[in-house]
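Let's take a look at how the parts of this structure fit together. Have the picture open while you read.

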Amino acid sequence: MSTIVPDQRGRYGQFGGKFVPETVMYALEELEGSLNEAMSSKEFIEHYHEELKKYSGRPTPITHAENLSKRLGGAQIYLKREDLNHTGAHKLNNAIGQALLAVRMCKQKIVAETGAGQHGVAAATVAARYGLECKVFMGEEDIRRQELNVFRMKLLGAEVVPVSSGSKTLKDATNEAIRYWVSNVEDTFYLIGSVVGPHPYPKMVRDFQRVIGDESRVQLEKTPDKIIACVGGGSNAMGMFYPYLEEQVDLIGVEASGKGIHTGKHAATLSEGRLGVIHGSITYLLQNETGQIQEPYSISAGLDYPGIGPEHAYLSETGRVTYKGITDQEALDALKILSEEEGIIPAIESAHALAEAIKQAPELTASQEILVCLSGRGDKDVHTIMEHLGGDVDE
Amino acid sequence: MNKRFKEHVENKNDLFIPFITAGDPEPETTIELALMLQEEGANAIELGIPYSDPLADGPVIQRASERALKNGMSLEKAMDLVPKMREKGLEIPVIIFTYYNLLLQLGEDRFFALVRKNDVDGLLVPDLPFEESGEWKESCLKNETALISLVAPTTSEERLKKIADEATGFLYCVSSLGVTGTRSHFQSSVFTFVERVKKQSKVPVAVGFGVSRPEHVKELKDYCDGVIVGSAIIRQVESQVEALQNPETQKEAIDQIRAYVRDLVAPFEKTTIHS
């Protein structure tokens, strides 16, 4: 199988593309031109890697989860430690890349959408670093739920713009960020947080996140038997999988099954969604029978996006990547186990990937290896974890 | 060529093309509003299909969508309103304004079956760019349905030419960047943009996004063939939303909106059918 590159129209098979109002087309063309120019510039790529190294602290290590592997009695589990990035998650890899591109394009302002606030914090961080003005669009409902991240963004000098339209969450914040961008495209760069949106966004974000997989290939002595990553929009998974697409390795993406698929409260876009258009891209999305986009649910705010990156939809269709679902409870259990066994509190998002590894490890032998993308740290989730574990972790 | 477009839009100027959201606040009102707009000189109606994620629209139309969705409006139900408008005397073309996802879910075959059954005249899909519209364009031609294209001030000359060459019905000029909504004034660049479009276009050129005052209509009148008015009318509907849903006050509420519309398009000096 050859490495997938989106075609001229930004399509991954039948997925992707640019389904946006005419007013956005110019902005996308401008972005595509500048992106292609930057990505072929040695100087730009070096600057990006320099920043990853000296500002974000890359390369992130791979940790052998020895205690956990022993406890499960199967495969050896390795963790790609994206939680050790500056700001605590893989999000910064992409934010650095896009912000440097914004500077190169002489844009003075960036806008970003955020759900739980992780990407918003990453955007605010790079804005501070590179001297850009930053507006972060965030649903009113999310602002209420994520007080601390709102404060963090403000501390970093960003303006948090409350979004009161629609369901007042991530998808509406994304709509609003796109609307703002279109009205202010002359001086504004839209810094999207995942491998979603119209072409060239999914490709650009993938290319700024592939450092995860590229590093892993150098760090591990051999190609692992399985690689597992969680998928909301799917940027950490895409970054991890992409360099491995042509290797002999099972690639497994994990969606949030929330309270269980049968309850209707989930974010299992690939298993429960239908083909449609969301945020300018053809992909699977959660929608009702007439095509109104539906609110997803997951305990993890980073996974409750009603769509999925078009390249994931494609990789699912071709069968190259298998997608599984993990419930809130399974993720919480995995989070607790990792905390106890290895002294690492993972983000609830990442705990979904870990939970799938915990399920699959016992089926393998001790000489086999599973690489899990530990996309972020759990500090941001401590409140949620306390609520669910009742503050009593000794039970 | 669609016969209603031929009669009411083709080769005409001073076109008045209002936009209303289907089912805002409920379906009966939509029918009455369409008839009133025809009486006030509308040349065609854009019937907006409410959508959960209207990327090209500003807050006013978003709220209208939310009101209509609460009452269960859908693309199919909206298309079923058209024959009811015809029964009551609507003669002008009806253009279905829908986001692409709704169209995809209904399916192309089902959509055109409804177009034929319900006498729909045009289609406008704000998030279906020229490059992706080929298949729909063909089906529209087969079904004598105009596929309305949009052009923006940022549309390159080359792209404008391609879009204009294949335009049917009329060309929708987006007056400024951003989303739909009312604006206090137009930048002078709008006029040069519209002139640029006029040069390329074989169909009438109408300007939309921000038309909300008689002065706007007066300003634009000499540069283009007509105006599209959306948010400004929806704002009127919003201000009458309670009264429109009460049978005792509905007529009065419609007449309030009528007065606004009449004033707005007065610079066109249209002969209106006074009811």
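## Two domains and a partner chain

In this predicted model, the C-alpha centres of domain 1 and domain 2 of chain A are 23 Å apart. Domain 1 covers 18–53 + 91–205, while domain 2 covers 57–89 + 209–389. Where they touch, domain 1 of chain A puts in 28 residues and domain 2 of chain A puts in 31 residues. On the domain 1 side, the elements giving two or more residues are α2 (42–54), α4 (91–104), α5 (118–130), α8 (170–183) and α9 (201–209) of chain A.

Chain A also meets chain B, with 25 residues from chain A and 30 residues from chain B. Here α1 (22–39), α8 and β11 (274–278) of chain A each give two or more residues. The largest share of chain A's side comes from α8(A), with six residues.

Here's what those two sides of chain A are made of, by class:

| Side | Nonpolar | Polar | Charged |
|---|---|---|---|
| Domain 1 of chain A, touching domain 2 of chain A | 13 residues | 11 residues | four residues |
| Chain A, touching chain B | 10 residues | 10 residues | five residues |

Now zoom in on a pair of helices. How do the axes of α2(A) and α4(A) cross? They come within 10 Å and cross at roughly 140°, which means α2(A) is oblique to α4(A). The crossing is right-handed. From α2(A), Phe44(A), His47(A), Tyr48(A), Glu51(A) and Leu52(A) meet Asn93(A), Ile96(A), Gly97(A), Leu100(A) and Arg104(A) of α4(A). Sorted by class, this contact has five nonpolar, three polar and two charged residues.

Technical notes:
Residues are numbered from 1 along each chain as its sequence is written. Chains are lettered from A and ligands numbered from 1 in the order in which they are written. This is a predicted model: local features need pLDDT of at least 70, side-chain atom pairs count only at pLDDT 80 or more; totals for chains, interfaces and linings use all residues. Domain bounds come from an automatic or database domain assignment. Two residues are in contact if their C-beta atoms, placed from the backbone, lie within 7 Å. Helices (H or I, at least four residues) and strands (E, at least two) are DSSP runs, numbered from the N terminus. Ala, Val, Leu, Ile, Met, Phe, Trp, Tyr, Cys and Pro count as nonpolar, Asp, Glu, Lys and Arg as charged, and the others, Gly among them, as polar. Axes are lines fitted to C-alpha atoms, for helices over the stretch in contact, and angles run from 0 to 180 degrees between N-to-C directions. Angles under 35 degrees count as roughly parallel, over 145 as roughly antiparallel, 65 to 115 as roughly perpendicular and the rest as oblique. A crossing is left-handed if the near helix is turned anticlockwise from the far one by less than a right angle, and right-handed if clockwise.
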